[in-house]
Amino acid sequence: MARGYLVAGNWKMNGSAASNAALLEGLVRGVSECPAIDVLVCPPSVYLDSARRHLSASPIALGGQNLSDQPQQGAFTGEIDASMLRDVGCGYVLVGHSERRTLYGEDDACVARKYLQAQAGGLIPVLCIGETLAERESEQTEAVLARQLDAVIAAAGVRSFINAVIAYEPVWAIGTGRTASVEQAQAAHAFIRGVIAKNDVKISNSVRLLYGGSVKADNAASLFSCEDVDGGLIGGASLKAPEFLAICAAAQVLAAAQDA
Ligand code: PGA
C-alpha cells in the first residue's frame with residue numbers, strides 16, 4: 001500500500017521573523033533532495049503569510065497549528081478560522097495537539113468541531129491523538145486512542161479520513177527526549193488503523209499515520225520503517241534546518257525504496 005511519506009514540522013510557539021527566514025531558506029534549499037516525500041511546516045500563525053512568500057517556489061506545504069471551532073466569522077476575539085488559514089496559503093492544520101488538549105482544555109468534542117471546521121474550510125486536518133504516561137501505565141492506551149478517534153468519526157464520519165492525516169503522539173514522548181520504541185509505535189499505529197478499519201477497510205489502508213514525540217535524525221529511519229508509520233510530526237527537531245532535513249532524508253530513502 002503506497003501511502004507515501006509526510007514529514008511535518010510543528011514549530012509551536014517559537015521563532016522570529018529573522019529566524020524563520022533563515023530556517024525556511026535552509027529548508028527550501030535542502031528539500032530538493034527529498035522529491036519522493038511530502039513536507040509540511042506549521043509556523044506560528046502570525047508568520048504564515050511571510051512563510052508563504054518564502055515557500056512560493058518550493059514544494060513545502062504550509063499549515064496552521066490551530067483553528068477556531070466556530071462555524072462562522074464574527075465576535076471571537078483572538079481566534080482564526082479555516083478560511084483565513086487558506087487565505088495565507090495553508091493546506092493543512094493541526095487539530096487536537098496534546099498541548100491544546102491539556103494546556104487549553106480542548107476536549108474531544110472541541111477537537112471534533114475544529115476537525116469539522118478544518119475540512120469545511122478546505123484544509124487537511126492533522127488530527128493528533130495520544131495517551132499520557134499515566135494512561136499508558138494503567139494500560140489505557142488503546143481505550144484513549146479509540147475514544148479520541150471515535151469522537152471524530154462520530155462527528156465527521158469515517159469517509160472524512162480520505163482527506164485527513166492522523167498523528168499518534170504519546171504525550172509522554174513529546175519534548176521529553178523519550179521516544180516510543182519501534183514496537184510501541186507500530187503497535188499503536190496498527191491499533192489506530194484497526195479502529196478505522198472497523199468502519200472502512202479501504203480508508204484504513206489509505207490514511208496516513210504520522211508518529212510524533214521526540215523524533216530526531218538518529219531515530220527517524222527506524223520509526224519510519226514500521227509498517228504502519230507513514231512519516232512524522234516533528235516538534236523540537238523541526239526548528240533546525242539540518243536536523244529537520246536529515247529526518248526528511250530518512251523518509252526519502254524509505255519512500256524511494258517503496259517506489260522502486
Ligand atoms: P517533539 O514534539 O518532536 O519536540 O517531541 C512533537 C510534537 O509536539 O508535535
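# Talking through the ligand site and the pockets

Lys12 lies in the loop between β1 (6–10) and α1 (17–30). Keep in mind that this is a predicted model.

Colleague: Happy to start with that loop! Near what value is phi of Lys12?

Modeller: As a general rule, most residues other than glycine have a negative phi. Lys12, which is not a glycine, has a positive value instead. Its phi is near 55°.

Colleague: Glu139 also has a positive phi. Between which helices does Glu139 lie?

Modeller: Phi of Glu139 is near 55°, and this residue is not a glycine either. Glu139 is part of a loop. The helices on its two sides are α6 (133–137) and α7 (141–156).

Colleague: Now to the ligand. Which residues around the ligand come nearest?

Modeller: There are 13 residues around the ligand. By type, this shell holds four nonpolar, seven polar and two charged residues. Those that come nearest are Lys12, His97, Glu169, Gly175 and Ser214.

Colleague: A backbone atom of Ser214 lies close to a ligand oxygen; how many Å separate them?

Modeller: Gly235 has a backbone N or O atom 2.9 Å from an oxygen atom of the ligand. For Gly236, a backbone N or O atom lies 2.8 Å from a ligand oxygen. For Ser214, the distance from a backbone N or O atom to an oxygen of the ligand is 2.7 Å.

Colleague: And what share of the exposed area of the ligand does the protein bury?

Modeller: Start from the ligand taken alone, which exposes 280 Å². Of that area, the protein buries 97%.

Colleague: Which pocket holds the ligand?

Modeller: The largest pocket has about 560 Å³ of space, while the second largest has about 180 Å³. Lining the latter are 18 residues, with Lys12, Gly175, Ile234, Gly235 and Gly236 closest to its centre. Lys12 and Gly175 are also among the residues that come nearest the ligand. The ligand sits in the second largest pocket.

Colleague: How many charged residues are in the lining of that second largest pocket?

Modeller: Its lining can be sorted by residue type. Seven residues are nonpolar and eight are polar. The charged ones number three.

Colleague: Last one, about the largest pocket: which helix gives the most to its lining?

Modeller: The lining has 21 residues, and Lys12, Met13, Gln65, Asn66 and Arg100 lie nearest the centre of this pocket. Nine of the lining residues are nonpolar, eight polar and four charged. With three residues, the helix that gives the most is α4 (residues 98–103).

Conventions
Residues numbered from 1 in each chain as written. Predicted model: local features only at pLDDT ≥ 70, side-chain atom pairs only at ≥ 80, totals over all residues. Heavy atoms only, no water. Near = heavy atom within 4 Å. Polar contact = N/O pair within 3.5 Å; in protein donor to acceptor, adjacent residues only side chain to side chain. Areas by Shrake-Rupley, 256 points an atom, 1.4 Å probe, with all protein chains shown as cover. 1 Å grid on protein atoms, 1.4 Å probe; cavity = no way out; pocket = protein on both sides within 12 Å on 5 of 7 lines; lining within 4 Å. Sits in = over half its atoms within 2 Å of the grid points. Nonpolar A, V, L, I, M, F, W, Y, C, P; charged D, E, K, R; others polar. Points joined across faces, edges and corners; volume = space filled by probe spheres on them. Helix = DSSP H or I, 4+ residues; strand = E, 2+ residues; numbered from the N terminus.
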